[in-house]
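The following exercises concern the structure shown below. Each task is followed by a solution in steps.

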Amino acid sequence: MLHGVGGQIAQKLNRLGIYAIKDLLFHMPLRYVDRTRLCPIGALRSGFSMQVEGNIEFAQVRYGKRRSLLCRISDGTGVLTLRFFYFSRAQQERLQRGMKLRCYGQARYGAQTLEMVHPEYQVLASDQELPVDETLTPVYPATEGLQQPTLRKLTTQALAVLEHSQDELTELLPDAILEKFELPELGKAIAYVHRPPADAITQQLMDGIHPAQQRLAFEELLAQYLGLQRLRKQVRAHIATPLGGDGIQSASFLKALPFRLTAAQQRCAEEIKQDMQDTRPMLRLLQGDVGSGKTVIAALAAIKTIESGYQAAIMAPTELLAEQHYKTLKHWLQPMDVSIILLTGKLGKSERNKHLDILARNNPCIVIGTHALFQQDVVFSRLRLIIIDEQHRFGVHQRLALLDKGMVDDIFPHQLIMTATPIPRTLAMTIYADLDLSVIDELPPNRLPVNTVVISTVKRDEVIERIARACAEGRQVYWVCTLIEESEVLQCEAATDTSLYLAEKLHGINVGLIHGRLKPAEKDSIMSAFRSGEIQLLVATTVIEVGVDVPNASLMIIENAERLGLFQLHQLRGRIGRGSIKSDCVLLYQPPLGETAKIRLETLRNTNDGFEIAKKDLELRGPGEMMGTRQTGLPELRIADLIRDAGLLPDIHKAADILMQQYPELIQPLVDRWLGKDIDYSKV
Ligand code: ADP
Ligand code: MG
């Protein structure tokens, strides 16, 4: 492909997702280093990274707490100490008095002078003149054995190729679009981003908001949008079974429900019903804040399927949730003769086989499970509806795999996807461009807003007293343990310790413990004991984050709340305030609180509205500080950042319309360029 790319380097490049020159050109710098100037040593300031040059005054090894090599340089305006904790003999020998050093690093206050620890440096002869760089130096995402100099050399070569021919990276956007939206040409934008000129505004580049970067983000989001649109078109071209049903079971279900649907629920249910009666597959996203009552809508859609003589699958992100959905539906459907099956990963073999047998025969039924539902050995004979709960845990790929599974004789199942992620409409239009949208924009009536307080762990004892009082009043309580570590083992240990501690402090109160490492049967019995009121205080890890529903629980303590993201806290808090009792949430924090953490906790104290919270969440997360995609439910992109670049979306939608109407032939190459390896359209 390029000069000097042998098998070994090629392999390492592959690890970075680089297979061709084109990929190299899309391998964007993480940040930039300014070596276009020399800073007089006297003008250095602590905390800033600069390039300086000076003559070595002395270099010696010091044996203090830690052995280090010190090298002092001066340029007549000031002196600077370079400190190396790791150094080789050869290095030591080259740093001799009388030589000149050019180095780059971050200056820090040292014992006597400013210091740079492990700067990058170059040894020059005392009379040697070396020109400074003409462009900012990019720093690329690297991988083991593939260092910056190699990546820079390779991108330089790739840029040279690009300059001579556009074959590697043709401009796909027509002039009309470039002009209308004031976008620089692709080749120019790429060249700029890789080698910004000395006068570029570094901060703008670092933040990813330079017009050259925005040009690339624009194209990527446009391709994403067009790709999903196309996916939608292809799915919708398939035939689905219209699920009309006779409405008898739906009616008796609604009659037996202990509540009436809200107007918003009725509207969404109606939209879904209309879709399901069509011969085209439904592709609908049901969005509704935590506690807005999505489950009952899912149940209605599933019953409609049964009524029509077919099978419906409900897929949950965790076993705990699958089990809970099973319980809820089983309870709601008790008076009716509906077969409902729970299929989780940990079923015994004979039981599993029994269930599989029901699915394989032509029995109408509802099956609930996790992604284990779509393992090899599960065969559906009459699957016509797939419901995915809490969409953000499943990517496009999993959805495609599901469809693959659900297709029987070229008949496509209807799909309903449910999410609590309250993203703004333009964003939803882009990342869910393949889906129609229904929004439950109203909470069930008589819901009292949760009263939230923020309390320091110093006052832990008061909080414990509060638990005692709540339990005495017959209320139930969650205590959520959070840990910053990803380790599930540590989380569980912490929760176990806390439950022992609380049990000791709270005599006479029945304390339960639930975490991810319990066996399903154990989780099950604990959840039912909590549901029945036998357990009064449930200590939990964040396994309860999504979906758990015990209306009598009306007090929640979240430990180390400062460590969690706004939206995750909102999800957790959504576990209470579900009944008609006034609920309280205590956000316990470890002082001192950082500035953003403070705003986060205050936001939660001030509002219960998921949309408000999501908005604030977007505001607080500066560019580049995007939460993991797992938490936001947003897709992984190469260049664009949906939050940072949200402002581009209206223009992107306009550009997409222009392309679809006037340049349809450009859509395929655009989608291939950006999503090619990701989405396998052959499946649909
Ligand atoms: P989510 O949208 O977060 O999944 P759920 O479906 O778990 O919410 O519903 C939250 C709680 O509200 C449940 O206890 C459910 O039974 C109850 N609920 C749902 N709809 C209504 C309604 N229309 N009136 C009263 N309670 C309702
Ligand atoms: Mg739910």
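**Exercise 1.** State the domains into which the protein chain is divided.

Solution. The division gives domain 1 (7-32 + 139-207), domain 2 (37-132), domain 3 (239-440) and domain 4 (451-607); these bounds come from an automatic or database domain assignment. Between the C-alpha centres of domain 1 and domain 3 there are 44 Å.

The model is predicted, so local features need pLDDT of at least 70 and side-chain atom pairs count only at pLDDT 80 or more, while totals for chains, interfaces and linings use all residues. Residues are numbered from 1 along each chain as written, chains are lettered from A and ligands numbered from 1 in the order written, and side-chain values use heavy atoms, without hydrogens and water.

**Exercise 2.** Explain why ligand 1 lies between two domains.

Solution. Step one: the shell of ligand 1 receives residues from both domain 3 (239-440) and domain 4 (451-607). Step two: ligand 1 therefore lies between these domains.

**Exercise 3.** Describe the surroundings of ligand 1.

Solution. Step one: 18 residues surround ligand 1 (a heavy atom within 4 Å), and Arg260, Gly291, Thr295, Arg447 and Asp549 come nearest.

Step two: consider the polar contacts, pairs of N or O atoms within 3.5 Å. Oxygen atoms of ligand 1 lie 2.6 Å from a backbone N or O atom of Gly291, 2.6 Å from a side-chain N or O atom of Thr295 and 2.8 Å from a side-chain N or O atom of Asp549.

Step three: on its own, ligand 1 has 570 Å² of accessible area (Shrake-Rupley method, 1.4 Å probe), of which the protein covers 89%.

**Exercise 4.** Locate the cis peptide bond and give its omega.

Solution. Step one: the cis bond joins Pro591 and Pro592, with omega about 0°. Step two: Pro592 belongs to the loop between strand 23 (584-589) and helix 20 (595-606); helices (H or I, at least four residues) and strands (E, at least two) are DSSP runs, numbered from the N terminus.

Terms used: A polar contact is a pair of N or O atoms within 3.5 Å; within protein, one must be able to donate a hydrogen and the other to accept it, and residues adjacent in sequence count only if both atoms are side-chain atoms.
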